[in-house]
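This report follows one strand and its partners, and then turns to one charged side chain.

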Amino acid sequence: MGIMTRRSLIRSSAGMMAASTLARPFIANAAAKTAEVWWTQGFAEEEDISFKAMVAEYEKVSGNHLDYSIIPYAPARQKIVSAVTSGIVPDLFQNNPAEIIALYAWEDKLVDVTDVVDTQREEFAETAMMTANCYNSVEKKRSIYGVPYTQSALPNHVWRHLVEKAGYKVEDIPKKTWNSYYDFFKEIQKALRVKGERKVYGMGLTLSTTGNDTNNQFNYFLIANGGGGIVTKDGKLNANDPKVREAAIKALEYRTNAYKEGFIPPSAISWNDSDNNNAFHSKQIVMDLDGTISTEVAIIKNKADYDDIVTMGPPAGNDGKPFPVQTNNAFGLIPKGAKNVEVAKDFLKYLIQPKVLNDYLKTGLGRNVPPMPSIVKKDAWWHADPHRAAYTDMTVLGPTEPIFWVHNPAWAQVQNEHLWGVAANDIIGGGMTPQAAVDKAFKRSEEIFAKYPMS
């Protein structure tokens, strides 16, 4: 997606990098080496241009060379899994999919990168450090197996003109409790239908058995209903806790009832991770709960639509208390078997220098925010745009907590099997009660957790 011309972006990127005050390279030029790097393609072209500019500057100051490949998300995911399975690996890749940091650390397939993270440890958000600190079942202990360089969460994206067409203002949206917030969009749909808008739905919640959105949205609704302790900090599945079970029932009930009542598009039971974005951009839905501000960045050239979107952080939980957003991170991972660990670590040390990281993410249009609170506090750019400001505040400066598989990688398998998407479909299409669907999901979850003892 070309938001600026390629030439202008390269000039801008190079200028930003040249202006940076950079730390000395960690490896002397006389020892220059080459590392093979697999990097996942950015959502926008600007992200890839920014990465290339950063690599060029790193090679200049270090004398090392990065033999990098920029690979689309799905092929990169397959390539990483195949490489780790075969043992023929590059020197550096990202956690694509996100949960492989926990799964590969468990299997003793990642290099410990504590020494890399220690160079900037005081800068990192606590949640980022918790997510990087994974359990190794061979070593029987936790350590740092990934170098975080972004932090992400799920904001709400709302069309202002549709809210106003229904006779309301964005300021009318209640934020005192979780359900009251989303109930508001049911009223918006009702009002729009009276005005003849027959194809617009209030909410864009995903209820499929594929992709990440169903998993992430379920987690948020679970936490909002008091079920954030579904996996204990010592890695146990807390399925026998009545509070957790009730929260899971409520999380399923709200979303499946909204679907059956016609407030979510019928196709949402088969959406992949881009379908809700497409439905939002086509103005089929008034609001969407979706990760990062990619929804906004995708239409940044269309100023009228870009300005019409309202990016909002979460409402309070149903107990009225501030909602701690569940965050995730992009990490640099070094697989065991890598031929040039030294240069891979050196590059990651360079990447997480606050000035370097800030320039890299800004040139990439700020879709990804840094896992370092000091960056967004010191640089006004992160709050100069209303979308970035709202997203930065909720993801970096607000209350956060790590995703459940941080406590036990078994939850990654729960997500990979889409147990909670299956549960929603059992209710919608199979006639199962929410209570029975929860019991079925917990039973399978217990079988999975039994394979991941934390000791």
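Two strands are taken to pair if DSSP finds at least two bridges between them, strands (E, at least two residues) and helices (H or I, at least four) being DSSP runs numbered from the N terminus. This is a predicted model, in which local features need pLDDT of at least 70 and side-chain atom pairs count only at pLDDT 80 or more, while totals for chains, interfaces and linings use all residues. Residues are numbered from 1 along each chain as its sequence is written, and side-chain values use heavy atoms, with hydrogens and water left out.

Strand S11 (residues 325-333) has nine of its nine residues buried (under 20% relative accessible area with a 1.4 Å probe, protein chains only), so S11 is largely enclosed by the rest of the structure. Val325, Thr327, Asn329, Phe331 and Leu333 point one way from S11, whereas Gln326, Asn328, Ala330 and Gly332 point the other way. The pairings of S11 are listed here.

| Partner of S11 | Sense | Bridges |
|---|---|---|
| S3 (residues 93-94) | antiparallel | two bridges |
| S6 (residues 147-152) | antiparallel | five bridges |
| S12 (residues 400-402) | parallel | three bridges |

Within these pairings, Leu333 is the bridge partner of Phe93, Phe331 stands opposite Pro148, and Val325 has Thr400 in S12 as its bridge partner.

Arg388, found in helix H17 (residues 386-397), is buried yet has no salt bridge (a side-chain nitrogen of Lys or Arg within 4 Å of a carboxyl oxygen of Asp or Glu), the nearest side chain of opposite charge, Asp385, being 4.4 Å away. A polar atom of the Arg388 side chain does, however, lie 2.9 Å from the backbone oxygen of Trp381.

Definitions and conventions. Buried means under 20% relative accessible area, exposed over 50%, partly exposed in between (1.4 Å probe, protein chains only). Lys and Arg count as positive and Asp and Glu as negative; His and the chain ends are not counted. A polar contact is a pair of N or O atoms within 3.5 Å; within protein, one must be able to donate a hydrogen and the other to accept it, and residues adjacent in sequence count only if both atoms are side-chain atoms.
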